[in-house]
Amino acid sequence: MDKKIRVTVWNEYLHEVEDAAIGAVYPQGIHGAIGEFLGQEGDMEVRLATLREEEHGLTEEVLQQTDVLLWWGHKAHHEVDDQVVDRVQRRVLEGMGLIVLHSGHYSKIFKRLMGTTCSLRWREAGEKERVWVIEPGHPIAQGLDHYFEIPHTEMYGERFDIPEPDTLVFVSWYAGGEVFRSGCCYQRGFGKVFYFAPGHETYPIYHQKEVQQVITNAVRWARPIPSQAMPLTGDRVPPLEPLD
Ligand code: ZN
């Protein structure tokens, strides 16, 4: 049997402790909710990490033992230490998968990896979101129908200032009329990056089965592929054939 996928779910974990209504939606925190459904998959082992832990719970050792990292942050992106951001970026370039959720679009690590502002238009009105599957053959869309709906969501609209995705798996439509590239795949170095928009903290979005399916699929998709070409050290090398 294959080795289990070592998953680390990172959350800033502030809204849930500071706001009772949000704490009621996610009593174990957003990281706890995501960790719980991923932990039920036989091929995954899950670790949780949060902002207020030493080194945000993302020490060199933890990251070395992480195959796929999930990232949820919102109000404290600026509190994330740049050294930790450097460390996560390096691990992605080495092959660690990274799944950036919802307001993580403005995290230091996502902006670093994208190289753009990652700004977007938004509205918090509790409206309906219809998530359209653009690439039904993609591993992240496995098990989904043509679309699924989130009854109450925060609107994220275009333009979303990201580089063109390598693969656009989902596009969302909102009751207010906007559209948004809500499921975007990228390769950075040896690592795979997936951005998934749904997940505003005041709605039970991570309790919804289609959302859980997407995140579970994304973890499997983002798992590192071992490569003989690693590590990339930029070595000076002799020619393979004799040169004149
Ligand atoms: Zn939000």
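A pocket is an open set of grid points with protein on both sides within 12 Å along at least five of seven lines, and its lining residues have an atom within 4 Å of a point. The exercises below apply this and related terms to a predicted model.

**Exercise 1. The zinc site**

Task: State which residues coordinate the zinc ion, and where two of them, His102 and Glu154, lie along the chain.

Solution.
- Step 1. The donors are NE2 of His102, OE of Glu154 and ND1 of His200, at 2.0 to 2.1 Å from the zinc ion.
- Step 2. Along the chain, these donors give the spacing H-x51-E-x45-H.
- Step 3. His102 sits in the loop between β4 (97-101) and α6 (108-114), while Glu154 belongs to strand β6 (residues 147-157). The pair is 52 residues apart and links distant parts of the chain.
- Step 4. Both His102 and Glu154 are buried, that is, under 20% relative accessible area.

**Exercise 2. The second largest pocket**

Task: Give the volume of the second largest pocket, list its lining, and sort the lining by class.

Solution.
- Step 1. The second largest pocket holds about 170 Å³ of space.
- Step 2. Its lining consists of His74, His77, His102, Ser103, His105, Tyr106, Leu120, Trp122, Glu124, Glu154, Tyr156 and His200.
- Step 3. Two elements, β5 (121-133) and β6, give two or more residues to this lining.
- Step 4. By class, the lining of the second largest pocket has four nonpolar, six polar and two charged residues.
- Step 5. Compare with the zinc site: the coordinating residues His102, Glu154 and His200 are among those that line the second largest pocket.

**Exercise 3. The largest pocket**

Task: Describe the largest pocket by its volume, the residues nearest its centre and the classes in its lining.

Solution.
- Step 1. The volume of the largest pocket is about 320 Å³.
- Step 2. Its lining has 15 residues, and those nearest the centre are Arg6, Asp67, Pro224, Ile225 and Pro226.
- Step 3. The lining of the largest pocket splits into seven charged, six nonpolar and two polar residues.

**Exercise 4. The cavity**

Task: Determine how many cavities of 30 Å³ or more the whole structure has, and what lines the largest cavity.

Solution.
- Step 1. The search of the whole structure returns one cavity of 30 Å³ or more.
- Step 2. The largest cavity has a volume of about 30 Å³.
- Step 3. Its lining is made up of His102, Glu129, Thr153, Glu154, Tyr156, Tyr174, Ala197, Pro198, Gly199 and His200.
- Step 4. Strand β6 supplies the largest share of this lining, three residues.
- Step 5. The classes in the lining of the largest cavity are four nonpolar, four polar and two charged.
- Step 6. The zinc donors His102, Glu154 and His200 also appear in the lining of the largest cavity.

**Exercise 5. Helix α5**

Task: Check the length of helix α5 (residues 82-94) against its expected span, and decide how its buried residues are arranged around the axis.

Solution.
- Step 1. The expected span of a helix is 1.5 Å times one less than its number of residues.
- Step 2. Helix α5 has 13 residues, so it should span 18 Å, and its end C-alpha atoms are 18 Å apart, in agreement.
- Step 3. The buried residues of α5 are Val84, Val85, Arg87, Val88, Arg91 and Val92.
- Step 4. Viewed down the axis of α5, these buried residues fall within an arc of 160 degrees, so they line one face of the helix.
- Step 5. An α-helix has 3.6 residues a turn, so residues three or four places apart point the same way.

**Exercise 6. Backbone geometry in loops**

Task: Locate the cis peptide bond from Glu158 to Arg159, and place Tyr13 and Glu55, which have positive phi values.

Solution.
- Step 1. The bond from Glu158 to Arg159 is cis, with omega near 10 degrees. Arg159 is in the loop between β6 and β7 (167-174).
- Step 2. Tyr13, not a glycine, has a positive phi near 55 degrees. Tyr13 lies in the loop between β1 (5-11) and α1 (15-18), and its relative accessibility of 26% makes it partly exposed.
- Step 3. Glu55, likewise not a glycine, has phi near 55 degrees. Glu55 lies in the loop between β2 (44-50) and α4 (60-64), and counts as partly exposed at 37% relative accessibility.

Terms used. Residues are numbered from 1 along each chain as its sequence is written. This is a predicted model: local features need pLDDT of at least 70, side-chain atom pairs count only at pLDDT 80 or more; totals for chains, interfaces and linings use all residues. Side-chain values use heavy atoms; hydrogens and water are left out. Donors are N, O and S atoms within 2.8 Å of the metal (3.2 Å for Na, K and Ca); water is not among the atoms, so sites may look incomplete. Helices (H or I, at least four residues) and strands (E, at least two) are DSSP runs, numbered from the N terminus. Buried means under 20% relative accessible area, exposed over 50%, partly exposed in between (1.4 Å probe, protein chains only). On a 1 Å grid over the protein atoms alone, a cavity is a set of points where a 1.4 Å probe fits but cannot get out, and a pocket is an open set with protein on both sides within 12 Å along at least five of seven lines; lining residues have an atom within 4 Å of a point. Grid points are joined across faces, edges and corners, and a volume is the space filled by probe spheres set on the points. Ala, Val, Leu, Ile, Met, Phe, Trp, Tyr, Cys and Pro count as nonpolar, Asp, Glu, Lys and Arg as charged, and the others, Gly among them, as polar. The arc is that of the directions from the helix axis to the C-beta atoms.
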